[in-house]
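Biologist: I've got this model open at my bench and I'd like a close look at a single part of it. Pick a residue to start from, then take me to the part you think deserves the time, and tell me how it is put together.

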Amino acid sequence: MRLSSIFAISATFLVAAVLCLVAARFSVTVIEDNSRVSVRDTLDKNGLVWTEVDADGLQIFLGGTAPSEATRFKALSVAGTVVDAARVIDQMLVEDTADVTPPRFSVEILRNDHGISLIGLIPAATDREKLLQDISKITGGAKVADLLESADYPQPRTWPRALGYAVKSLEDLPRTKISVDAERVQITAMADSAEDKAKVETELARRIPDDVRLALNISAPRPVITPFTLRFLIEDGNARFDACSADTEEARQEILSAAGKAGLQVKAECTIGLGVPSPQWGAASVQAIAALAELGSGSLTISDADISLLASEGTPQRTFDDVVGRLENTLPEVFALHAVLPEPPDESAPVAPEFVATLSPEGLVQIRGRVGSELTRETVDSFARARFTSDSVHTTARVAEGLPQDWPLRILTGLETLSYLSNGAVTVTPDSLSVRGNTGRKEASALISQFLSEKLGEAEKFSIDVTYKKALDPVAGIPTPDECEEQIAEIQLTRKINFEPGSSTIDSSGASIMDDIAKVLKKCGEIRMEIGGHTDSQGREIMNQQLSQARANAVLNELRLRRVLTSSISAKGYGESQPIADNDSEGGREANRRIEFRLIRPEPVKERQTGLESLEEPVEEGAESPNQEDTPDEQN
């Protein structure tokens, strides 16, 4: 082969190789530039302008210093939406840990019959050993499983108070879950009854510290109602419930609606419980209430599946027959109706025998009237002394003949209903039983009605006139913190706590005032309150401040001597700094020399957005960055 041919072929291959290399390098440059620009633009649109982007072949390198670990992760995620995530190389840094927001400290306290478990993250400054000892002491030595982790970051200002409150709450909650963080305590628990639920909620709400919010979810099981009872009356044009039971919320609404159509004008309670004799309870109750409304007056008692309809005297016989006939034909099969139209009273008949038991507000029980035998009288007296107290019972009942055979049962039943009252009376006659008085239990009328229906039968005639008094309720009767402050201010409105001149000794007239204030605070329970001492402007300012502090302390000590719980009450001397009158006159100076009781009210806590929540929200143009923290003064 000629030499010129060999050179020509070699030159051709060399030129082709050079052209391929140039084309390849150009393609790589185009891909790098396109990838870099696309990733850069997408990061900028998402507000991640601090990110540095570079490309080397198919690989994308992310650099720069991220404000937080969350934003670093977000940058990686955003870049992975533009190119394959496997091509993204992380070379980013995170700002100094000293500038990173501390972790969210929180504790879950779980308590049941097997013991207590602690799960969560606490500050290293928290005394873990003391925490476990406090829990064990409050719960009577319950076994504690410590699953806590700790982190060496400064603890939030309100953390010790929130955790201390949660631990103290265990004393009242044998089965509970308590979630604690620095600004919020959430308590989920089960109470044995609706009454216990109200009591626990009241006590927990009163003890909550400042700057800590409380979320309560206290549930109580539905009560078992035995017998399942409804008692509805229309008397003198007024309708009312003595007892109301329902098995579902729908049935409750239907019953209350029917009662409203029958003339009920006040708000009524209808308990949802277990033990209903039939799913048709609501329908049967609605039909029976409508029948009583058509009669115009009388009483309706439903005990389980037995319905007793008692018309008022003077109801026309034809109207009674028509109403009862329609009701009998429409009631569900399981229900049995007993309807009674009373005969007009015989004015020539002898006076009916009577048995009366009264309960005074002081707890004294007086029993008078007739009993059938000496044995019955002794039984009644012994029953009353066992049900109340031996020293409070006074019996003057006399033995008489000709009493009904069921007389002992009727008077013992009536005497038992007296225990539902704070004060009142029970009157028993051969054909009726009446209970009247005051009570501190909202459900007293319903309980009395259920009890009488069970013992006497739903067809028996009885009347209940029981009034609920909030002041007698051991839970609702407790004044609110605001009411406590108002009552103390009212005491001081006409009387003043005075001191010996220039000293912290309360004068002779102050003892009775302190007695009255102590009575109020004992009813109020554990509330956060400050005793403020104030002086006039006579003398040196520092001396006035010291004197006012000593006087506030003296008042606090007087409360302790009267066995008032003072753990949540503080004393502070303000001296002459807060005058309420002019110090240039004797009257003004006298007004400025005072002791004030001031309620310490918690401030609202501002909700804070978590890091994950901030990542989920899109960043709008011109909107504030989600990484900016709230200012310190924006709190509860």
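Modeller: Let's start with Asn-423, which counts as buried because its relative accessibility is 18% and the cut-off for buried is under 20%. Keep in mind that this is a predicted model. Asn-423 belongs to strand β23, residues 423-429. Leaving aside residues up to four places away in sequence, Asn-423 touches Leu-359, Ser-360, Pro-361, Gly-437, Asn-438 and Leu-472.

Now for the part I'd spend the time on: the open sheet of three strands, ordered β27-β26-β28, where the pairing is mixed. β27 (569-575) and β28 (594-599) are the edge strands, each with a single partner strand, so each has one side without a neighbour in the sheet. On average, neighbouring strands here are turned by 25° against each other, direction ignored. Helix α12, residues 481-494, packs on this sheet and touches β26 and β28. The direction of α12 makes about 165° with that of β28.

Zoom in on β26 next. How many of the residues of β26 are buried? Six of the six, so β26 is largely enclosed by the rest of the structure. Side chains in a regular strand alternate between the two faces of the sheet. In β26, Met-529, Ile-531 and Gly-533 point one way, while Glu-530, Gly-532 and His-534 point the other way. The residues of both sets are buried.

What holds β26 to its partners? On one side, β26 (residues 529-534) runs parallel to β27, and six bridges join them. If you want pairs to click on, His-534 has Gly-575 of β27 as its bridge partner, and Gly-533 has Gly-573 of β27. With β28, the pairing of β26 is antiparallel, over six bridges. There, Glu-530 is matched with Arg-598 of β28.

To follow the chain from β26 to β27, go through helix α14 (residues 541-561); together the three make a right-handed β-α-β unit. Between α14 and β27 there is a loop, and Arg-563 lies in it. Most residues other than glycine have a negative phi, and most peptide bonds are trans. Arg-563 has a positive phi of about 60° although it is not a glycine. Buried or exposed, which is Arg-563? Arg-563 is exposed, because its relative accessible area is 74% and exposed means over 50%.

Elsewhere in the chain you can find another right-handed β-α-β crossover to set beside that one. Strands β10 (residues 184-190) and β11 (residues 213-219) run parallel, joined by seven bridges. One of the pairs is Ala-189 with Ile-218 of β11. The chain gets from β10 to β11 through helix α5 (residues 194-206), and the crossover is right-handed.

Carry on past β11 for a couple of backbone oddities. Pro-227 sits in the loop between β11 and β12 (229-235), and the peptide bond from Thr-226 to Pro-227 is cis, with omega near -10°. Asp-236, in the loop between β12 and β13 (238-243), has a positive phi of about 55° without being a glycine. At 78% relative accessibility, Asp-236 counts as exposed.

One last stop is a helix. α8 (residues 317-330) has 14 residues and spans 20 Å from its first C-alpha to its last, close to the 20 Å expected at 1.5 Å a residue. The buried residues of α8 are Phe-320, Val-323, Val-324 and Leu-327. Seen down the axis of α8, those residues fall within an arc of 95°, so they line one face of the helix. They pack against α7 (281-295), β17 (306-311) and β18 (336-340). Arg-318 and Asn-329, on the other side of α8, are exposed.

How values were computed:
Residues are numbered from 1 along each chain as its sequence is written. This is a predicted model: local features need pLDDT of at least 70, side-chain atom pairs count only at pLDDT 80 or more; totals for chains, interfaces and linings use all residues. Side-chain values use heavy atoms; hydrogens and water are left out. Helices (H or I, at least four residues) and strands (E, at least two) are DSSP runs, numbered from the N terminus. The expected span of a helix is 1.5 Å times one less than its number of residues. Buried means under 20% relative accessible area, exposed over 50%, partly exposed in between (1.4 Å probe, protein chains only). The arc is that of the directions from the helix axis to the C-beta atoms. Contact means heavy atoms within 4.5 Å. Two strands pair if DSSP finds at least two bridges between them. A crossover is right-handed if, with the strands pointing away from the viewer, the path from the first strand over the helix to the second runs clockwise. Axes are lines fitted to C-alpha atoms, for helices over the stretch in contact, and angles run from 0 to 180 degrees between N-to-C directions.
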